[in-house]
Amino acid sequence: MKKSLLFFAAMCCMMMAYANEKTSIDGIDYILDNTDNTATVTKCDNFQFLAIPSEITYGETTYTVTSIGDYAFSGCKPLESVDIPGTVKSIGEQAFQGCSSLESLRIPEGVESIGNSAFQGCSGLISIRIPESVRSIGEFAFKLCSGLTSVSISEGVETIGNYAFQGCSSLTIITVPSTVKSFGYQPFMSCTNLTSVIVLAPTPPALAGNYFGVTRGVLLHVPDVQAYADWGGFAVIRDVADYKPDALGDIYKAMQGER
């Protein structure tokens with residue numbers, strides 16, 4: 001019996017070893033999954049400009065790069081620009097944490113999740129667009145991205161984690177799409193220059209503690225003022241149709257007309 005168990009354990013270890021191999025190509029480390037021929041970026045040299053390939057070849061096999069692993073670029077201070085291929089579906093926890101020189105970044109359509117603290121401390125980022133394919137933004141995902149002046153969250157995002165944009169002190173306006181179903185705790189805490197939050201969901205998303213954690217004086221613009229009456233911390237809650245600077249009111253009215 002013991003021999004059978006030992007043999008089974010040995011076989012499992014061999015299968016796991018075969019299923020996941022490690023390699024380094026052109027200064028980027030990968031874990032290779034031989035069960036579906038995919039690759040995860042795990043580490044890289046101190047690049048200044050980096051284009052992650054969509055495919056790599058190891059031996060006689062071609063692997064599709066589908067994820068950026070946890071901590072892959074964490075603390076890579078020289079990194080200024082990274083090109084993420086459209087094959088990537090997930091960005092792991094703390095993947096770019098502390099990349100303070102990172103200025104140019106495009107999250108491609110196809111990415112479905114952004115992990116906890118993925119871009120925390122990327123103070124050089126000025127603007128970011130979250131594509132429609134993303135369903136979840138992790139806790140602290142953009143914490144202390146103090147240079148961010150523009151965040152575009154596309155329709156499709158469903159959850160925004162705890163403190164996701166904490167300390168983004170250059171943000172002045174944030175628009176939350178109608179697809180968002182839940183917020184974590186104080187997602188915009190310490191965004192000291194924030195003046196307006198626009199939430200396009202007709203039914204209020206679940207909000208931990210019913211409190212955004214915004215600085216005093218911030219205006220909330222929503223499609224149904226009464227429905228959002230329980231949300232605390234805002235100076236005034238207004239109808240989104242009255243918000244005119246970028247014609248969001250007209251956009252929302254058009255959306256309602258199409259339903």
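The legends below describe close-up views of a predicted model.

**View 1. Strand β2 and its alternating side chains.** Strand β2 covers residues 28-33, and its side chains alternate between two faces. Ile-28, Tyr-30 and Leu-32 point to one face and are buried. Asp-29, Ile-31 and Asp-33 point to the other face and are not buried.

**View 2. The hairpin of β1 and β2.** Strand β1 (residues 20-25) runs antiparallel to β2, and 6 bridges join the two. Within this pairing, Lys-22 stands opposite Ile-31 of β2. The hairpin has 2 residues between its strands. Asp-26, in the turn, has a positive phi of about 55 degrees.

**View 3. The hairpin of β2 and β3.** Strand β2 is also joined by 6 bridges to strand β3 (residues 38-44), again in an antiparallel arrangement. Asp-33 has Thr-38 in β3 as its bridge partner. Here 4 residues lie between the strands of the hairpin. Asn-37, in the turn, has a positive phi of about 55 degrees.

**View 4. The open sheet β4-β7-β9.** In this open sheet, 3 strands follow the order β4-β7-β9 with parallel pairing. Strands β4 (49-51) and β9 (104-106) are the edge strands, each pairing on one side only. From one strand to the next, the twist averages 15 degrees. Strand β7 (residues 81-83) pairs with β9 over 3 bridges in the parallel sense, and Asp-83 stands opposite Arg-106 in β9.

**View 5. The largest nonpolar core.** This core holds 67 residues. The members that touch the most others are Phe-73, Phe-96, Ile-114, Phe-119, Ile-130 and Phe-142. Elements that give two or more residues to the core include β2, β3, β6 (61-68), β11 (127-130) and β13 (150-153); β15 (173-176), β17 (196-199) and β19 (219-222) also do so. In soluble globular proteins, nonpolar side chains tend to be buried together.

**View 6. The surroundings of Phe-142.** Neighbours within four places in sequence are left aside in this view. Phe-142 is then in contact with Ile-114, Phe-119, Ile-128, Ile-130 and Ile-137. Further contacts of Phe-142 are Leu-148, Ala-164, Phe-165, Gln-166 and Cys-168.

**View 7. Ser-154, a buried loop residue.** Ser-154 is found in the loop between β13 and β14 (159-160). Ser-154 counts as buried because its relative accessibility is 9%, and the limit for buried is under 20%. Leaving aside neighbours within four places in sequence, Ser-154 is in contact with Arg-129, Ile-130, Pro-131, Glu-132, Pro-177 and Thr-179.

Terms used:
Residues numbered from 1 in each chain as written. Predicted model: local features only at pLDDT ≥ 70, side-chain atom pairs only at ≥ 80, totals over all residues. Heavy atoms only, no water. Buried < 20%, exposed > 50% of the residue type's maximum accessible area, 1.4 Å probe, protein only. Pairing = 2+ DSSP bridges. Core = buried A, V, L, I, M, F, W, Y, C linked by side-chain atoms within 4.5 Å. Contact = heavy atoms within 4.5 Å. Axes fitted to C-alpha atoms, helices over the stretch in contact; angles between N-to-C directions.
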